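Here is a set of questions about how particular labels are earned, each answered by setting a value against its cut-off. Please keep the sequence and the coordinates open while reading.

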Amino acid sequence: MNDNLVIEGGALRGAFSYGVLFGLRREYSQDDLDFFDKFSSVAVTSASLLNMIFLQSKGSDFYDVGKCFWSNVADRTISNTLHIFNGEKNIISLEQILPPFWNMVGRSYNPSISKKVYFPTTHVNDERSVFHNLFDVLEDKNYSLITAAMSMPGITGNSVIVDGEEFIDGGVFDPIPISFSKKSQGKKVIITTNPHSVDSFSYSMMNFLTKNAFFISKKNHRKYLKFMEYSFETYDRHLKELTEMEKNGEGYVIRPEKPIDSYSSTSKKIGRVCDFGLSLGLSHRKSIDDFLKS
C-alpha cells in the first residue's frame, strides 16, 4: 500500500478539511473500516494538523467538538483583527487556542494514525521545509514543533525556537504538502479548498499583511514577507499541479465548486463550512475507492 492522503492547511480552511475528513471516517466506519487505513502516509499542513489531533477519536459525536473549536477560532480571528494595526496582538493567538490540545493528546492518541502523519515546518535561516512525524513528536512531547507548524508572525504568533533553530508555519513551502507524497509512487487523494487558482480573498490578505504595522515591525520582517509572497505563489502552482495530476489519473481531488471563502464571510457561518465539508466527505467514498483500485 503506497497511496497517499494530502490535506491542505491554512487558517480557517481547516474547518472545511475537518468536515471532509470526519465525513469520510464516518462513512467507512459503517463497515468497521478506518478511512486512514487506506493510505501509507498522510501529509498535512498548518491548520490541518490540528484536525489530525481531533480525529484521534472515533466517537461519532466528536464532530460537534471540532465544529465548535473552528467557530471559536473564527470568533477570535475577527475580534483580534480589530486590534492588530496598533500592534496589540496577532490575528489568531495560538497561546489562546492550543492548550486544550495538549491536554487532549496527553490522555491518548492513536499510534496507527499518528505514525503515518507527517507535517512540515519552515526552517527560517535555511529557508527550507522540514517534515516531522506526528507520532514521534507526540511521543517526545515536543509540542513546540506543532506550534511552529502553525506560527506565522503577524498572523498566528511569533516564530518558535526548537533546539536553537528558528521555525515558522510549514505552509510557506508546502501550503498543499504534495512534495512529501511525491516520494511515493502511489496515488494521491488531495483535499483542498480552492477550485483551480488562488482566490481573491488570499490576495487581499497578502496586500493586507504588507501594510500591517504589527507584522512589519517584527524581527526578520523582510524575510517573513518574502515567505508570505512565496507561499501564495507556491499555492497557486500547487493548485495547477493538482489539475495536471487529475488529468493524468495520478490524483483524486476533493474540492468545492467555489473557493471556500465564498461560503463563510462571518464567524457565525463557519459552522456551515464544517457542515459543507462533512457533506462532501460523506459523498466521496465510492469515487475514492474506484480511483484507488483503478
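**Labels and the values behind them**

Q: Which residues does Met-52 touch, leaving aside those up to four places away in sequence?
A: In this predicted model, Met-52 touches Ile-7, Leu-21, Phe-36, Val-42, Val-44, Ile-113, Val-117 and Leu-134, when residues up to four places away in sequence are not counted. Met-52 is also, together with Ile-146, one of the residues with the most contacts inside the largest nonpolar core, which has 53 residues. To this core H1 gives the most, with 8 residues.

Q: What makes Tyr-63 a buried residue?
A: The cut-off for buried is under 20% relative accessible area, and Tyr-63, at 5% relative accessibility, therefore counts as buried. Its place is in helix H3, residues 63–81. Tyr-63 touches Tyr-18, Gly-19, Phe-22, Arg-26, Cys-274, Asp-275 and Leu-278, with residues up to four places away in sequence left out. Of the pair Tyr-63 and Phe-22, one can add that they are 41 residues apart in sequence and 7.0 Å apart in space, C-alpha to C-alpha.

Q: Why is the contact between Asp-289 and Lys-38 called a salt bridge?
A: The label requires a side-chain nitrogen of Lys or Arg within 4 Å of a carboxyl oxygen of Asp or Glu, and the N to O distance between Lys-38 and Asp-289 is 3.3 Å, so the pair qualifies. Asp-289 lies in helix H14 and Lys-38 in the loop between H1 and strand E2 (41–44), so the salt bridge ties together parts that are 251 residues apart in sequence. Asp-31, Lys-38, Arg-285 and Asp-289 are linked in a network of salt bridges, and a search of the whole structure finds 12 salt bridges.

Q: Why are Asp-289 and Lys-38 given separate labels, one buried and one partly exposed?
A: Buried means under 20%, while partly exposed covers the range from there up to 50%. Asp-289 has 13% relative accessibility and so counts as buried, whereas Lys-38, with a relative accessible area of 26%, is partly exposed.

Q: What makes Asp-290 and Lys-286 a salt bridge, and how are they placed along helix H14?
A: Their closest N and O atoms are 2.9 Å apart, which lies within the 4 Å cut-off, so the pair counts as a salt bridge. Being 4 residues apart in helix H14, Asp-290 and Lys-286 are separated by about one helical turn. At 39% relative accessibility Asp-290 counts as partly exposed, and Lys-286, at 61%, counts as exposed, the cut-off for that label being over 50%.

Q: How do you know that the buried residues of H14 lie on the same side of the helix?
A: The buried residues of H14 (residues 285–293) are Arg-285, Ile-288, Asp-289, Phe-291 and Leu-292. They cover an arc of only 165° around the axis, which puts them on the same side of H14. The face turned away from this buried side carries the exposed residues Lys-286 and Lys-293. The buried residues pack against helix H1 (13–29), strand E7 (188–191), strand E8 (251–254) and helix H13 (270–283).

Q: How does the span of H13 compare with the expected value?
A: H13 has 14 residues and reaches 20 Å from its first C-alpha to its last, which is close to the 20 Å expected at 1.5 Å a residue. Among the buried residues of H13 are Ile-270, Val-273, Cys-274 and Leu-278.

Methods: Residues numbered from 1 in each chain as written. Predicted model: local features only at pLDDT ≥ 70, side-chain atom pairs only at ≥ 80, totals over all residues. Heavy atoms only, no water. Buried < 20%, exposed > 50% of the residue type's maximum accessible area, 1.4 Å probe, protein only. Helix = DSSP H or I, 4+ residues; strand = E, 2+ residues; numbered from the N terminus. Arc of directions from axis to C-beta. Contact = heavy atoms within 4.5 Å. Expected span 1.5 Å × (residues − 1). Core = buried A, V, L, I, M, F, W, Y, C linked by side-chain atoms within 4.5 Å.
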